[in-house]
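Subject: Handover of a structure

Dear colleague,

Please find the structure below for your use. My findings follow directly after it.

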Number of protein chains: 2
Amino acid sequence: MTLVHKYGGSSVATTEKIQAIAQRLAQLRQQGHRLVVVCSAMGKTTNRLIALAKEVNPTPSKREMDALLSTGEIQTVSLMAMALQALGVDAISMTGFQSGFITNAVHSKAFIKEINTQRVEQYLQEGKVVVIAGFQGITEDGHITTLGRGGSDTTAVAIAAKLGCSCEIYADVDAVYTVDPRIYPPARALQKISYDEMMEMSALGAGVLETRCVELAKKYQVDLYLGRTLEEERKGTTVMSQPVFFEDMPVTGISIKEHCAIVTFRHMEYNAGTAASIFALIARNNLNLDMINQTILDGKVAFSFSCSDEQASELEAHLKEDPDASALVLDIRRDLTQLSLVGVGMATHTGVATQVFDTLARCGIPYYQITTSEISISFTIDPQNKEKAVQALAQAFHL
Amino acid sequence: MTLVHKYGGSSVATTEKIQAIAQRLAQLRQQGHRLVVVCSAMGKTTNRLIALAKEVNPTPSKREMDALLSTGEIQTVSLMAMALQALGVDAISMTGFQSGFITNAVHSKAFIKEINTQRVEQYLQEGKVVVIAGFQGITEDGHITTLGRGGSDTTAVAIAAKLGCSCEIYADVDAVYTVDPRIYPPARALQKISYDEMMEMSALGAGVLETRCVELAKKYQVDLYLGRTLEEERKGTTVMSQPVFFEDMPVTGISIKEHCAIVTFRHMEYNAGTAASIFALIARNNLNLDMINQTILDGKVAFSFSCSDEQASELEAHLKEDPDASALVLDIRRDLTQLSLVGVGMATHTGVATQVFDTLARCGIPYYQITTSEISISFTIDPQNKEKAVQALAQAFHL
């Protein structure tokens, strides 16, 4: 069987940890599995490189930042290949360009356009363990790109999709939990979860997947498994198509996203051009929006969305330089916490929203922007109310 | 004017040093020069990476080692490009494969087969400072290679040869000296030196060029300048075709190579096949030989050569596994020091050899293998006699 394994940065933080993983992989290889291994940069390498960059340039160009950061993963995979070879396992490391990851040219958040797996498949055919540097690719013009947050997970899922095999993502968490257990210790580990729920819960707990990555897994029906690196027993979470639906449990989990900002454009004229120009602006800045709201009040439009604090600051800086944006009135509220209740059961259970806001009201927790989807309810609160809100909601929905 | 600048590892050891060099480059750019900058890995990065590799595998594969080590230079060049951009200079970093360095597949000591400078020239045309990762290339099959010791110098000279411009190599030494000033403080800095002399003196002093690199410069008539990073005045050494010949000075300088080994194959049958099989063995091991000697005694052949201690050990290990070599009797003398007196004047001055060995005899210094060329005399001595020998010879030849 062909398997894709992905190991996160804290799992490969030291050479001892790399050697321990190599031993596990050697066993799997001996059992006859064909293995593709995707690794992140060792421990805090990426942060260290970012700090160096900021020393020479407070606003480093994204192209150069991508070239710099891509080295972290290359170091891990060459070391992993060496560690495997030390155990007598035939292994070969591959950088983003060697493994055929062609991306668009949006540096720091590139999208995969195509994967030329010819070389990877050839090595697998030769019996090699193929160790691929995560998080990176190359444009058709030969520029190095990175895939953004959670990029190595995306690398792993994408190669699994292309090879038509399952993907196991290992990090320093046991599983996906109903609620982040650091905030709500009685939280339960989920044995199974659907792609859709997983997508909505993308920000839940540490080391859990980015939405984009789950989206990719769903699109190509890649069986995903999330577990703890070197776990003795298989205690992690399997992400799959089939919704895991319990009649009596409309909510599967609560996801928590911190350092959110709400950006609001106020007093805009009500015409089609206004919103279009804002979306164009957002596209130019490559922002990932969340919770988009538009309200019309007295014939004027208020348009708002949430994004990360960092992205809000980037947008603000760009707006100052953008002549098209000079007429816009902008409000940014920073450092909020976004909670999302997620569950496929919500679609058939009425009254979930009522119960959510009743619970918050009873605890005296004010909430700001609200959005809902078929299987989720999201809202932002002040960060100091986070634990109180999570505990009250987890109890209310028996998580 | 187009200029190639190369900065060594200690010159780019910190972000402050990178910024200072960026400032110097910005001035040159402002004066209208088109600039290609080649950088080594920062400070001790390469040693740190080698240590990591040895932790996971005492004998790491050379392919993986090359992939690992190539990251050091990529980090420097992306930081250098960022530092230039911070000063408002348009700059772009390039890895080995991006800058079109195609090499053969001899990992850790690859030779450049071809440089596709199309992209580099395009960027220069656009007014960009092009910052190229030294020491690395890529095979036609897409494997990352490194060029071996002094590889970044080779990168710089090769790109200068291809662009038809001069090459300035900056390190933490002022110039090429007649003798290493750390061993013989009265040594003089040479303002000019010929390619041939420079080749013979390749190991002279710290930060001085590898033979291979000078050979390349000579072949393509690249004007080479060696100076101290950020020097205020131009006090370095220019390497050029025209021999620098003083009637009264047959010796230009003394070069010192440490940790040398002498490898001797003894008691071999005198036939053409024997020497051929040894050379085949040497080629298989990619050894760089020096001071080759063959002596015939009582119809038996003794064949010896010098190389580095490290290469001698590699050869010894390979010989044990080589069935063709089982009949050979091998002697290895390790940790010797090789001194070479170099000077184009030697060709026309008689008695230099006599004066050399008289001087050594007067000081009571025993010497082992001797070889001579048109412009040099080399011999090996015990390392503890190094300073005494260098001082006596430097005085004898007025260096």
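In this predicted model, the side chains of K113(A) and E140(A) form a salt bridge, with a nitrogen-to-oxygen distance of 3.3 Å. The two partners come from distant parts of the chain, 27 residues apart: K113(A) belongs to strand β5 (residues 112-115) of chain A, while E140(A) sits in the loop between β7 (136-138) and β8 (144-146) of chain A. E140(A) counts as exposed because its relative accessible area is 58%, and the cut-off for that class is over 50%.

A second salt bridge joins the side chains of K218(A) and D196(A), at 2.9 Å from N to O. Here two helices are linked, K218(A) lying in α7 (residues 211-219) of chain A and D196(A) in α6 (residues 195-200) of chain A, with their positions 22 residues apart in the sequence. K218(A) is partly exposed, at 33% relative accessibility, and D196(A) is likewise partly exposed, at 32%.

The third pair to report is E316(A) with R334(A), whose side chains meet in a salt bridge of 2.9 Å, N to O. E316(A) is in helix α9 (residues 309-321) of chain A and R334(A) is in strand β18 (residues 329-342) of chain A, so this salt bridge ties together parts that are 18 residues apart in sequence. E316(A) is partly exposed, with a relative accessible area of 29%; R334(A) is also partly exposed, with 36%. In addition, D90(A), E126(A) and K128(A) are joined into one network by salt bridges that share partners. Over all chains, the count is 26 salt bridges. As general background, side chains of opposite charge can pair when their charged atoms come close.

How many salt bridges are there between chain A and chain B? The count for that interface is zero. The rule for polar contacts, however, finds 18 residue pairs across the interface of chain A and chain B, both residues of each pair being at pLDDT 80 or more. On the side of chain A that touches chain B, at least two residues each are supplied by α1 (15-30), α2 (45-56), α3 (62-86), β3 (91-94) and α4 (118-125) of chain A. Of these, α3(A) gives the most, with 15 residues. By type, the residues on this side of chain A comprise 21 nonpolar, 13 polar and six charged.

As to the extent of the interface, 40 residues of chain A and 41 residues of chain B take part in the contact. The two chains, A and B, bury about 3,300 Å² between them, and 60% of that area is on carbon and sulfur atoms. V56(A), E64(A) and M82(A) supply 20% of the area that chain A buries against chain B, more than any other three residues.

Turning to the overall fold, chain A contains eleven helices and 20 strands. Its C-alpha trace spans about 70 × 55 × 35 Å along the principal axes. The radius of gyration of chain A is 22 Å, which agrees with the value near 21 Å that a compact globule of 399 residues would have. Of the 399 residues of chain A, 56% count as buried. Among the contacts in chain A with a separation of 6 or more, 73% are between residues 24 or more positions apart.

Yours sincerely

Key:
Residues numbered from 1 in each chain as written. Chains lettered and ligands numbered in written order. Heavy atoms only, no water. Contact = heavy atoms within 4.5 Å. Buried area = accessible area lost by both parts, 1.4 Å probe. Salt bridge = Lys/Arg side-chain N within 4 Å of Asp/Glu carboxyl O. Polar contact = N/O pair within 3.5 Å; in protein donor to acceptor, adjacent residues only side chain to side chain. Helix = DSSP H or I, 4+ residues; strand = E, 2+ residues; numbered from the N terminus. Nonpolar A, V, L, I, M, F, W, Y, C, P; charged D, E, K, R; others polar. Rg over C-alpha atoms; globule rule 2.2 N^0.38 Å. Buried < 20%, exposed > 50% of the residue type's maximum accessible area, 1.4 Å probe, protein only.
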